[in-house]
Amino acid sequence: MRLAFITSNPGKVEEAKEYFEPLGIEVYQLSYSYPEIQADTLEEVAEYGARWLAEKISGPFFLDDSGLFIEALNGFPGVYSAYVYRTLGIGGILKLMEGFSDRSAYFKSIIAYWDGELHIFGGRVDGEITAEPRGEGGFGFDPIFRPRGSDKTFAEMTTEEKNLISHRGKALKVFASWLRENL
Ligand code: IMP
């Protein structure tokens with residue numbers, strides 16, 4: 001089986017392959033841009049995108065909508081993470097965090113899978129925003145996110161290590177086991 005992952009982010013595809021290759025499912029990247037609506041939740045953004053794409057793409061596909069939620073900033077950047085990453089970047093987030101002692105944050109990932117019907121899977125990881133960026137791996141906010149219970153930021157981990165604990169890793173795991181049972 002071949003499964004399209006609709007994303008412009010090759011880092012996300014690398015993470016997904018780790019879960020699907022062992023199942024004999026070939027995940028490939030399809031860079032098809034779709035509207036990311038302004039909404040309060042990742043679920044709404046993912047669902048709208050998947051239903052929109054379902055009218056353009058034949059065959060099963062999935063997409064992932066993720067965000068970084070910082071407690072001291074009332075959940076910001078949250079659903080605006082992609083925009084904030086492009087505009088303020090990591091430096092901008094560190095600047096916003098100056099003066100806050102509570103640096104707790106979490107990443108959340110919502111996967112929307114379309115096979116003629118919509119299926120939603122989610123995952124979350126709690127941790128902290130570090131004082132400075134560390135590590136060269138991963139993508140996005142990885143250099144400033146240290147998951148709880150680890151000394152390393154996501155950017156200091158291998159894909160395998162990150163997957164074991166990350167928001168997307170958890171969502172992919174639920175998705176992969178659902179597929180195993182439902183294919
Ligand atoms: P989107 O899901 O592609 O809209 O991503 C939202 C934003 O969150 C992007 O700017 C990503 O860089 C960031 N992001 C999503 N997942 C991760 C992750 O696993 N690590 C670091 N940043 C992430």
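Q: Buried, partly exposed or exposed: which word fits Trp178?
A: Sort residues by relative accessible area: under 20% is buried, over 50% exposed, and partly exposed is in between (1.4 Å probe, protein chains only). Trp178 has a relative accessible area of 24%, so Trp178 is partly exposed. Before going on, remember that this is a predicted model, where local features need pLDDT of at least 70 and side-chain atom pairs count only at 80 or more, while totals for chains, interfaces and linings use all residues. Residues are numbered from 1 along each chain as its sequence is written, and side-chain values use heavy atoms, leaving out hydrogens and water.

Q: How many aromatic pairs are there?
A: A pair of aromatic rings is described by the distance of the centres and the angle of the planes. Rings of Phe, Tyr and Trp (its six-membered ring) pair if their centres lie within 6.5 Å; planes under 30 degrees apart are stacked, over 60 edge-to-face, and the rest tilted. That rule gives 14 aromatic pairs. Take Phe107 and Phe145, an edge-to-face pair with 4.8 Å centre to centre and 65 degrees between the planes. This pair links distant parts of the chain, with Phe107 in strand S4 (residues 104-114) and Phe145 in strand S6 (residues 145-147), 38 residues apart. Helices (H or I, at least four residues) and strands (E, at least two) are DSSP runs, numbered from the N terminus. Phe107 and Phe145 are both buried.

Q: Which residue pairs with Trp178?
A: Tyr113 does, edge-to-face, at 6.0 Å centre to centre and 70 degrees between the planes. Tyr113 is in strand S4 and Trp178 in helix H6 (residues 167-182), 65 residues apart, so to speak a link between distant parts of the chain. Tyr113 is buried, with a relative accessible area of 3%. Both rings also belong to a cluster linked by ring pairs, together with Phe5, Phe20, Phe62, Phe121 and Phe175.

Q: Which charged groups lie over a ring?
A: The test wants NZ of Lys or CZ of Arg within 6 Å of the ring centre and within 35 degrees of the ring normal. Arg2 puts its charged end over the ring of Tyr28, 4.1 Å from the centre. Lys56 lies over the face of Trp52, 4.4 Å from the ring centre.

Q: At what angle do H1 and H6 pack?
A: Two packed helices are described by the angle between their axes and the distance between the axes. Axes are lines fitted to C-alpha atoms, for helices over the stretch in contact, with angles from 0 to 180 degrees between N-to-C directions. Helix H1 (residues 10-20) and H6 pack at about 40 degrees, their axes 10 Å apart. H1 and H6 are therefore oblique to each other; under 35 degrees would be roughly parallel, over 145 roughly antiparallel, 65 to 115 roughly perpendicular, and the rest is oblique. On the H1 side, the contact (heavy atoms within 4.5 Å) includes Ala16, Tyr19 and Phe20, and on the H6 side Leu172, Phe175 and Leu179 are among the partners.

Q: Where is the cis peptide bond?
A: Look from Phe76 to Pro77, where omega is near 0 degrees. Pro77 is in the loop between strand S3 (61-70) and helix H3 (81-87). That loop also holds Asn74, which has a positive phi of about 55 degrees although it is not a glycine. Asn74 is exposed, at 76% relative accessibility.
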